[in-house]
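Got the viewer open? Here is a walk through the structure, one selection at a time.

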Amino acid sequence: MLVDTDHNNMARSDLLGEQTRRLYRAMPVMNLMEPVCAAIIAWMYWDTPVDHLSLISWSVLVFGIAFLRFVAGTLYRHLAPDMDNSRLWRLLALVLTTAGSGCFAFAAIHFNPAETLFAPQLITQQAIFASLTAMMGMVAFTSYAIYLPASTAYLIAIQATIAVRVSSSPSDDALMLGSLAWLMLCLLLVAALMIHRATMDSLRLQFKNLALIDYLDRARGDAETLNEKLTREIYERKQAKQNLQDANDRLESMVLERTRALEGTNRELSATSQRLQLALDASNIGLWDWNLQTGDTYHSNFDRLLGYGEERFTNFVTDLEPLVSPEDWPRLKRAMVAHFKGKTSRYHAVYRIRHADGHWRWLEDEGRVVEWNSEGKASRMIGTRRDITVDKEAEDQLRLAATVFENASEGILIFDTDFRFLAVNDCFTRLSGFTEEEVHGKLMMEVSHSSEENAELYREVAESVRNEGFWQGELTERRKNGEQYPVWMQLSAVYDDDGQVTHYVGMFSDLTARKEAEEKVQFLSNYDRLTGLANRTVFREKLHKSLALARLNRERVALMCLDLDRFRPINDSLGHEVGDRLLRAAGERLKALDLDDNNLARIGGDEFCLIVEGYDDETSVDKLSKDIISAMRKPFNIDGHELLLGVSIGISVFPDHGKEAQTLINQSDLAVHQAKRMGGNNFQFYRQDLRAASVEQLALETSLRKAIFKNEFVVHYQPKVELDDNRINSAEALVRWQHPTMGLLFPKDFIPLAEESGLISAISEWVLERSCRQAANWLKQGREVKVSVNLSAHQLRKGDLVETVDRVLGLTNLPPALLELELTESLIMEDLDKNIEILSSLRRRGIGLSLDDFGTGYSSLSYLKRFPVDTLKIDRSFVEELHSNPDDAAITRAIIDMAHSLNMRVVAEGVEEQAQSDVLADMGCDAIQGWLISKAISENDFLSLLQDQDQRVG
């Protein structure tokens, strides 16, 4: 039934395909006829009222549709044989044929308006138009009869349009003529239907005839094939009968021969069975024969293997499972099932079983299925079972030894009796670079390319091992890349049962890391990790040796202790990592001064010591100290920070100041403290009065701490005069300490101590508040005096300077424009970006900023344009000889011009003579400050000075 359905589907598909092909073969007639009729109609209507452009456009459209049908027909002939889509091609043909008839239907309406129908002047054209369309309709329904939708669509499009147009005519005969047109359409449609049915019947009949012819051809071929098979089978049966007779004769002869051979084989088999049983008994192997159908099992030698009698094992599985280790039983079953399923050619299992004495023994089973039943299942299985406990233990020992050999952390070497390489482990390859293939069969001397000296050592080692059986010691080997490295080698002889040497085994370890560690420990115990300089221990030993040598030679030795200035705040603010790098850079600068590295040491923190041997006079040490100070004053660039350090140097001399090492160290330390008290960046020789000064300094520090709470500080004001009008409108606030017993102390006497003890921040904030409060009081009295207050490094480092200034201004109600803060170049350069941000914030509040001591720092002038300052203060060192020294005058003029070009004011400090003031005025300096005007005076004296100025002006 399914075959018939498929055949019917194929026949229907072939029928539709043939229908499509005939439809496209009929198209060329209409492709020719429609353009010809269109040309005739256009020519006939050319002289009528119909628009010529319409006639031409319509004709082009008809020709275009005919051309499209031509293209479609061409494509169909080339593509349709490879495409199974007759429905799509028929639909395309229907569209194109209907489009052609639609064009003529359009012409029937557009070219023949209803009011012109049957008009005498157009009757001829209309009659010809009706005749041509009727002719095309008859040709169309005969040509497209194979495809009924195409023929009926064509007729309806043309004839229905004509019938409608005739019926709509105002003529008296319109009704009759319209009825005739409709009747003609119906007749044409009936004719088209009849022709279509006749054509399709003919087509179906043709296909049936073709199918019948094909069926008859196949039937004839099948009959001929069957006849040939029958003839061949008859011949084969005759041949088989003859072959069967011959085989029967041969079989009788073979049976006789085989019977005699079987008798001999049975005798041999009996003897072989006896020998096999004897061999099994001798080899301690058990034989088993398992009938899988009944479960019966035959065992031999199991009493000797496991200590059980034969009655203990009657069933292969049920009797064996309780004795096998639970860990091994699943593996045994998997091996057996895999063999039963044909996945393995034999059954093999290794497992543990409990001996009758309670101990576990390793057994190995070997066997295979020898019989299968009719269902393809195993029915009989034969195999052997042997005790491999000793082999297993030996295998484990070998595996353990191999694991130790390959994974040992030391190189292992195996030599023959001639000390030629037999095997090496991976560690040997990692240490030496040689693989086992590269060293096999070679002597150790050949592998390491040893010198004659080492070759002799190898011969001595070999002789020692041969005689004593063991040797150990340190050797220097050479890697594959040529690098030498130290090793610790142990060699032992291996003996056989007869006491003869069979091999030599060596073990060695690389001593490179240990020796490097020893060297590193030695270095770290004697040298500083950061700078690479000698540490305190080595330094003391060197100092003792230098002093002993100086005593013998009656020479002098200078001890210089160096303490870095401003290192601690940098280390605290930027972190220890930056501090370490800064110390390293400082050590490099000291080394760059061509100092004897053996005499230079870092003894801790930011302290260094230098031993100067062969000391003659102070001049050489003075020069060396100045070189060190100059080197340390240059900025250090660390991680984008331009950091400024200084150095305070204390010097003691043997034997002038002391004769013992510790005495000299203590004295130089006192000299360092004196240098720091004097502002740092200087050097001091030890003096006898320094110890007393140190005690006084300690007492002074104690008093300084109390002075803050006792309100012992006072502020004096040094006026500044504007050179353009000689008026005082600003002053610098300078702190003084009114000590209860020592009197009035100046800043140089206690400010370094305050910075060292950390009290400078509290003092600076007090001075700021006191100065702002006084300036606010003067403002209330009608006097606008801008007060300048010096900033300390501690105030900037704390990071709360802006908040402190805001708090003080708010507390005192002083306008920000009347406050000016003075700071030095080195202070800004400590943390440039951060400090510029802080100063910019202050400047935005309207607070003035002044750069003090300008020209004495080491900062690059390129940074000056970045400093948010309003005023430059020329240091007094340039002003002292300004009127007599051309160099000072040139420098001062350059500073003033540069400051004015940057829109900054200039104030000159230390003006003490009128000549200095005159020169500064000529140079365009804005203001001066110094004893020429007034020294720093108290608040009341400053107010009196302002009042005297007012009286002079009045």
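Start by selecting 801-812 and 832-844: these are helices α24 and α26, whose axes come within 10 Å and cross at roughly 20°. This is a predicted model, so keep that in mind at every stop. Are the two helices parallel or perpendicular to each other? Angles under 35 degrees count as roughly parallel, and α24 and α26 therefore get that label. Their crossing is right-handed. To see who makes the contact, show side chains for Leu801, Val802 and Val805 on α24, and for Ile838, Ser841 and Leu842 on α26.

Next, pick strand β19, residues 727-739. Of its 13 residues, 10 are buried, so β19 is largely enclosed by the rest of the structure. Now bring up its partners.

- Select 713-722 for β18, which pairs with β19 in the antiparallel sense over 10 bridges. Label Gln718 and look across to Glu732, its bridge partner in β19. Then click on the turn: the β18-β19 hairpin has four residues between the strands, and Asn726 takes a positive phi near 55° there.
- Select 743-745 for β20, antiparallel to β19 and joined by three bridges. Gln738 has Leu744 of β20 as its bridge partner. β19 and β20 also make a hairpin, with three residues between them.
- Select 786-790 for β21, which runs parallel to β19, with four bridges joining the two. Here Ser730 stands opposite Lys786.

Time for a whole sheet. Colour β12, β13, β11, β16 and β17 in that order, and you have an open sheet of five strands with mixed pairing. Which strands sit at the edges? They are β12 (600-604) and β17 (683-685), each pairing on one side only. On average, neighbouring strands in this sheet are turned by 25° against each other, direction ignored. Zoom in on β16 (646-654) and β17: they run parallel and are joined by three bridges, and Ile651 faces Phe685 in β17.

Two helices pack on this sheet. Add α17 (576-591), which touches β11 (556-565), β12 and β13 (607-615) and makes an angle of about 145° with β11 in direction. Then add α19 (661-677), which touches β11, β16 and β17, with its direction at about 145° to that of β16.

While you're here, find Asp528 in the loop between α14 (512-526) and α15 (536-553). Is Asp528 buried or exposed? Its relative accessible area is 12%, and the buried label applies under 20%, so Asp528 counts as buried. Show the side chain of Arg602 too: the side chain of Asp528 makes a polar contact with it at 2.8 Å.

Last stop: another open sheet of five strands, this one in the order β2-β1-β5-β4-β3 with antiparallel pairing. Its edge strands are β2 (297-299) and β3 (347-354), each of which pairs on one side only. Neighbouring strands here are turned by 20° against each other on average, direction ignored. Select β3 together with β4 (360-372) to see an antiparallel pair joined by eight bridges, where His348 stands opposite Glu366 of β4. Finish by switching on α8 (329-340), which lies across β1 (285-291), β3, β4 and β5 (378-387) and runs at about 155° to β3.

Terms used: Residues numbered from 1 in each chain as written. Predicted model: local features only at pLDDT ≥ 70, side-chain atom pairs only at ≥ 80, totals over all residues. Heavy atoms only, no water. Buried < 20%, exposed > 50% of the residue type's maximum accessible area, 1.4 Å probe, protein only. Polar contact = N/O pair within 3.5 Å; in protein donor to acceptor, adjacent residues only side chain to side chain. Pairing = 2+ DSSP bridges. Axes fitted to C-alpha atoms, helices over the stretch in contact; angles between N-to-C directions. Contact = heavy atoms within 4.5 Å. Parallel < 35°, antiparallel > 145°, perpendicular 65-115°, else oblique. Left-handed = near helix turned anticlockwise from the far one by under 90°.
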